[in-house]
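Please open the model in a viewer and keep the sequence panel visible. The tour below proceeds by selection.

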Amino acid sequence: MKNIRTFVIVPSLPEPIEPLRELAHNLWWTWNPTATDLFRRLDVDLWRRVGHNPVALLSQVSQQRLEQVAKDDGYIAQLARVMDSFFVYLNGRTWFDTQHAPDKDMQVAYFSAEFGLHESMPIYSGGLGVLAGDHLKSASDLGIPLVAVGLAYNQGYFRQQLTEDGWQLESYPAHDLHQWCATPLNDAQGSQVKISLPLGSHAIVAALWEVRVGRVHLYLLDADLPENPPELRAVTQRLYGGDRTMRIRQEILLGIGGLRALRTVGISPSVCHMNEGHAAFLALERIRTAMREQHLSYREAREASFGGNIFSTHTPVPAGIDRFDPRLVEQHLGWLASELGIGTKELLALGREHADGHEEEFCMPLLALRLSYRSNGVSKLHGEVARGMWQGYWPGIPREEVPILHITNGIHTRTWTAPTLSDLFDQYLGHGWPEAPEDSPIWDRVDEIPDAELWRVHVRRREWMINAIRRRLRDQLKGRGAPPAEVKTAEEVLDPEALTIGFARRFAPYKRATLIFRNLERLTAMVANKQRPVQFVFAGKAHPNDGAGKELIKHIAVICARPEFRRRIVFLENYDMSLARVLVQGVDVWLNNPLRLHEASGTSGMKVPANGGINLSCLDGWWPEAYNGENGWAIGDGRVYEDLAYQDHVESESLYNLLEREIVPLFYERNDDNLPRRWVRRMKESIRTIVPRFNTNRMLRDYTEKMYLPAMRRVRRVWADDFALAKLLAGWKDRLRAHWHDVRVADVQAPGQQVLKVGEELHLSARVHLGAIPPEDVAVEAYYGPVTPDGEIEAGQAVRLSFARAGTDGDHWFEGAVPCRSSGRNGYAIRVVPCHEDLADRYDQGLVVWG
C-alpha cells in the first residue's frame, strides 16, 4: 500500500461571511432558526443533500456562490444580527449566575454512550441519546458549569432500509469526522491530544475531538487510529454494535478513558453524572486516581470519590440491563483491580447482587448504584419501578426507602418547536416563554392566543409535514428500486386535511407498535370514512439483533401495502432527528401505547404539545404525571394484567373506543367559521400544562439543586483538611462492619392496651444487643404503618427510639412511641441501622437488623 500522508483543506470564506465558520462549529445554530436559515440560504438543495450539516455545506458549496452572498447586503445584515445574538448568548448572565453564583467553581462532567444533538452527527440511536443532547443544550442555556464526554462513532448508528416485503436491512456508511461540527483537540504543538489506557492485553489509544454546544463543551474519544490494532480501532466504529467484548471495551473507554481525557485537558470534575450505567467504570477510575494522587487507602479513596458520583437509570426492566461475563471483566480490568489493591473477586462483587455468586454476571447499573452518592429514575412512576427493581441490592430495606429518587425527563423546547409556532408564542406569551417556569403567569396567556391563529398555524404545519413525508417516501421508493409508476404514487399519499396520528420510536416489542392493527375491520372503517378520515404515519428502527422488533416493522409494512391502507398508512424508513422534527411538528395526535411499567419516561410525546399536537397514550412513563383529563387522552385505566394477551385486548379496545367515540368526532366538529373550537381548547390545555413542566430547563434546574450542588458540597466536606472526613468515615465503617454480626434485637415490649384510638401513642421499649458497638453508632427505629392482608406493612414510616440505659454484656435499652394516625389494623417492627452524622447514605453498606 502507498504511504499516504493526510492533510486537511478548509473552505476559503470571503471576509464578510467568515463568521459562518465559527457559527458552523457551535451547535447553538440547531436551536436558532435564524442561524439555520443562513446555511439553508446558501444552497437549499445542497443543504438537504448534506443532511443539514453546515460544515459539509461550506466545504461543498461553490466558491462562486460564497462570493455572491458576501456581496448580498440582506444576507450580511442577517449574519450580523445572528452573530450579535450569538455573542450576547455566550456572554450574558444566566440562571446559574443569578441563582448559584457562590458555586461557580462547581464542575459537572456528564457521561453518555450516545448524544442526539442533530441528525448531522449520527452518534445516537434513540431517546437516551436525544435526551443527552437536550441535556447539554439546556445546561448551556442555564449556564450550568458542565462538560460532557462520549465516543466518536465513525459509522454511528445504522441506516435503515426496508426490502420490498418489509424486512429491515442495516448499512453502516463511514463518516468523516472532519465533516462534522467537531474539531480535533490539539495541544500547544499542534498535535491532536490523545490518551491511552490498558484494555486487556493491549493498550488502546484515543484521540480527542471537541464539539461546542452553546457554552458547553463535549469531548468525543476516537480510537480509529493507526496506533491501534484493527480490533481496537473498531471500538469507536459503531454505536451498540459488536459482541459483549466490544461492548465492555466501549464502556471502559467511555468511563475510564473519558475521565482521563478530561484530566488531560485540565478538567478535574467535582461531580460526574452517569447517564445510564455504560460509564460506570469511571467510578473505579476516580478511586484509583484518589489513591495514587492523594495517597489514600482503597476505603478512604472510595469514600472521597463516592460523594461526587451521580447516576441516572433509564431501564425499567431487567432485560435491558448491561451485564458482562465475569471472565470478560477479569480479562479487561485485572490491571485495575491490582492498582486498587482489592483483587478481582472484590472488584466483581461491586457489580453483583451476591458477592459470593461466582458465576453471577457483572451488572453495570449495580456498580453505578453502589458507587454513587445519589441515583434517580427518570419519571415518578419509573422511580417507583426502579426502587422495586433494585430492592434486592438493599436487602431488608422497605421498597419506599430504597435510595433512588426521581427527576422526570424533559425536552429542549427551542430545538423541537416549529419556527412558526415559536413566533406565535413570542407574539402572545413573550420572547422568554421557553425558559418560563411552570408557575409563571406567562402560561395564563395561552388562552389569549386566538383560536383561529393557533389552528391556522397548526394546519400549515400539517400540510408542510405531509409534503415532507411525500418527498421522503418518494426517495424511499426510488432507493428500493421501485418502478416510476409506484414512485409517482407517493404524491398521492395522505390527505393534508385529515386527522393525522403519528407513531415513531424504537421498535421494541414492549412498545406495541402493532396494537392499532388488532382489529383491521374497525381500523378500515376509520381510514376509509370519506367524511371523517383518519390516517397514520409510522417510523422507527429495530435493533439489528432484535428479530421480534423487525417482525413488527415487517407486519406494518405489509399492512401499508394493502390497497385499503396504501394512501392512509405509511411507514417511513431511517427514523432520525430530522424526521422526528417533521412528525412532532405536524401531527394532530401522538400515539404511545407501551406495556405499563415498561417505559421509563418516554420523551417523544413531550415534543408534540408545543407544536399543537395532543397525546394519546397509555398511563406509563411520564404520562401519569402530565395527564389531567383535559390535555390529552389515556388508553386504559393503568391496570396491569398477568395475561399479556388480555392486556393487549383491553387496551386495544380502549384505543379504538377513544378514536371512534371521542377523538375523531371532536376533531371534525366544526362551528360556523369552520374551526374545531373544542379541539383547540384541548390543544391549549396541552400547551399550558405540559410545555412549561416537561422540558430540560426544568429538568436541569432539578438536577442542579437536587443532585449536582448537594454532591459538590459533599465533595467539599469530604476533601477538606486533607480528606479528614473520608479517612474518619472509612475507619468508622470498617469498625462497624467488623462487629455488625453481633447486633440483634433481644427483646421488645409494648406495655398497656393493644387497642388504641387515633391520636394516641403506642409506647415501646427495645433491648438491643450491640456487642462492642457504641449505642451512638446506631439508630434503633420502629417501622410502622397499616398491615396488608399478606401481613406486610404498607406505606410504612419510621420513628427513632431514644437511648434509655445501658444493660450488661453489650445490651442497651431504647424507648419511644409510635403515633396512631389512622384506624384499622396497624403493625410495627424494630430495626437497627448504622448512624453517623456525616453518613451520605446509611444503607450504603447494606447493614440492617430487624427484630
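The stops cover the internal cavities and then a pair of helices.

This is a predicted model, in which local features need pLDDT of at least 70, side-chain atom pairs count only at pLDDT 80 or more, and totals for chains, interfaces and linings use all residues. Residues are numbered from 1 along each chain as its sequence is written, and side-chain values use heavy atoms, with hydrogens and water left out.

**Cavities.** The structure holds three cavities of 30 Å³ or more; a cavity is a set of points, on a 1 Å grid over the protein atoms alone, where a 1.4 Å probe fits but cannot get out. Select A113, L151, Y153, L239, Y240, R247, Q250, E251, L254 and H278, which line the largest cavity (lining residues have an atom within 4 Å of a point). The volume of this cavity is about 70 Å³, taken as the space filled by probe spheres set on the points. Next, select residues 244-264, helix α10, which gives the most to this lining, with four residues; helices are DSSP runs of H or I, at least four residues, numbered from the N terminus.

**Helix α19.** Move to residues 451-479. The 29 residues of α19 should span 42 Å at 1.5 Å a residue, and the end C-alpha atoms are 42 Å apart, which agrees; the expected span is 1.5 Å times one less than the number of residues. After α19 comes G481, with a positive phi near 80°.

**Helix α18.** Add residues 419-429, helix α18, whose axis comes within 10 Å of that of α19 and crosses at roughly 165°. Axes are lines fitted to C-alpha atoms over the stretch in contact, and angles run from 0 to 180 degrees between N-to-C directions. The two helices are therefore roughly antiparallel (angles over 145 degrees).

Note on methods. 1 Å grid on protein atoms, 1.4 Å probe; cavity = no way out; pocket = protein on both sides within 12 Å on 5 of 7 lines; lining within 4 Å. Parallel < 35°, antiparallel > 145°, perpendicular 65-115°, else oblique.
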